[in-house]
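User: I'm new to reading protein structures and would love a close look at one part of this one. Could you pick the sheet, walk me through it strand by strand, and then show me what surrounds it?

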Amino acid sequence: MDYIDMKKQIQEMALKAYQEGLVAGTSGNVSMYDTKTQVMGITPTNTSYLVMKPEDVVLMRLDGTILEGDLKPSSEWRLHAGIYGNIQEAAAVIHTHSPYAASFAVNHERIPLVLVEMLPFLGGDIPLAEFGMPGTPEVGENAVAVMKEPRRNACLLANHGVVAFGANLAQAYIRAVYVEDAAKIYHMARQVGTPQVLSAEIEHKLREKYHML
C-alpha cells in the first residue's frame, strides 16, 4: 500500500466525518491498516480536522511503535489496534461520536433490528460494548467481544460513541453512517409509538435473501 495515499484517504475521511456531523471538535478518530506490512495509519490526537493535513497522519505498529509522524497518534489507537489484531477482515476503522447513536450508548441500550438495511450493512442489531476506560486496551477488547460473535460490523461504546470497521475506509464509513441513521430512526419511532423489531422468522428470511447464512 502507498502510505501517501493511505494518509490522504484518512485525512479526507476524517474531514468528511466532521463535516457530516459524525464527530465534533477533535473527537473521534480514523485509521487504516496494511495487513501485508502490519502498518497502521491513524489520525493524530487533539488536531482539528479543519486544519489536519495528510502528513499529520501517524504511521505505527499495533504495539504502539511509532514509525512516522511528528504528532502523537489518537489517544484511542489501542481501540483500533485491538480490532485489527482480532478481526481478520478489518482493514479500516472509524470511531465517531454521532449524536443519536451516542445517546443510546449513554443510556446503555443496544439498537435492535428495526430496519431491513441493518442486516446487509451492519450484520444485524447494533450491540453495546461494556464501558472501557478511554485510551486503554479494554475499549478495543470490549468492542471486539460484541462484534466478533455473532459477527457485527459496528457497535456502540458505552458512554463513549460508536466504532465501525470495514475492508476499506469507504465501507467502514458507510457502516458508521448507517449506525447513526438506524439510531435516529429508532429514536424518532419511539417518540411516536412503539417500534416493531423484525421477528426471528423475518430475520432468517432476510439472511437467506442477502446470503448471510
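Analyst: Happy to: we will go through the sheet, then its surroundings. This is a predicted model, in which local features need pLDDT of at least 70 and side-chain atom pairs count only at pLDDT 80 or more, while totals for chains, interfaces and linings use all residues. Residues are numbered from 1 along each chain as its sequence is written, and side-chain values use heavy atoms, with hydrogens and water left out.

Let's start with the overall layout. Eight strands make an open sheet in the order S4-S3-S2-S1-S5-S8-S7-S6, with mixed pairing. Strand S4 (66–68) and S6 stand at the edges with a single partner strand each, so one side of each has no neighbour in the sheet. Strands here are DSSP runs of E with at least two residues, helices are runs of H or I with at least four, and both are numbered from the N terminus. Two strands count as paired if DSSP finds at least two bridges between them. In general, strands of a sheet pair through backbone hydrogen bonds, either parallel or antiparallel.

Now zoom in on S1 (29–34). Six of its six residues are buried, where buried means under 20% relative accessible area, exposed means over 50% and partly exposed lies in between (1.4 Å probe, protein chains only). Follow the side chains along S1 and you will see them take two directions: Asn29, Ser31 and Tyr33 point one way, Val30, Met32 and Asp34 the other, and all are buried.

What lies beside S1 in the sheet? One neighbour is strand S2 (residues 39–42), which runs antiparallel to S1 and is joined to it by four bridges. Asp34 stands opposite Val39 of S2. The hairpin of S1 and S2 has four residues between the strands, and there Gln38 takes a positive phi near 55°. The other neighbour is S5, again antiparallel and again joined by four bridges, with Ser31 opposite Val93.

Moving on from S5 (92–96), we reach S8, and these two strands pair in the antiparallel sense over five bridges. Here Thr96 has Val162 of S8 as its bridge partner.

Some of these strands also feed the largest nonpolar core, which has 41 residues; Ile94, Ile111, Met118, Ile126, Leu156 and Val179 have the most contacts inside it. Among the elements that each supply at least two residues of this core are S1, S5, strand S7 (154–157), strand S8 (161–166) and helix H1 (3–19). The largest share, eight residues, comes from H6. Such a core is a set of buried Ala, Val, Leu, Ile, Met, Phe, Trp, Tyr and Cys residues joined through side-chain atoms within 4.5 Å. Apart from it lies another core, of 22 residues, and among its members are Tyr84, Ala90, Val93 and Phe165. You have met Val93 already, as the S5 residue opposite Ser31.

Ile111 deserves a second look. This residue lies in the loop between H3 and H4, and at 0% relative accessibility it counts as buried. Its C-alpha atom is separated by 7.6 Å from that of Tyr186, although the two residues are 75 apart along the chain.

Charged side chains tie parts together too. Asp125 and Arg152 form a salt bridge, at 2.8 Å from N to O. Asp125 is in the loop between H4 and strand S6 (128–129) and Arg152 in the loop between H5 and S7, so this pair ties together parts that are 27 residues apart in sequence. Both Asp125 and Arg152 are buried, and together with Arg110 they are linked in a network of salt bridges. The rule used is a side-chain nitrogen of Lys or Arg within 4 Å of a carboxyl oxygen of Asp or Glu, and by this rule there are nine salt bridges.

Finally, is there empty space, and where? A search of the whole structure finds one cavity of 30 Å³ or more. On a 1 Å grid over the protein atoms alone, a cavity is a set of points where a 1.4 Å probe fits but cannot get out, and lining residues have an atom within 4 Å of a point. The lining includes Phe131, Val139, Leu157 and His160. Helix H5 (residues 137–148) gives the largest share of that lining, three residues.

Note on methods. 1 Å grid on protein atoms, 1.4 Å probe; cavity = no way out; pocket = protein on both sides within 12 Å on 5 of 7 lines; lining within 4 Å. Points joined across faces, edges and corners; volume = space filled by probe spheres on them.
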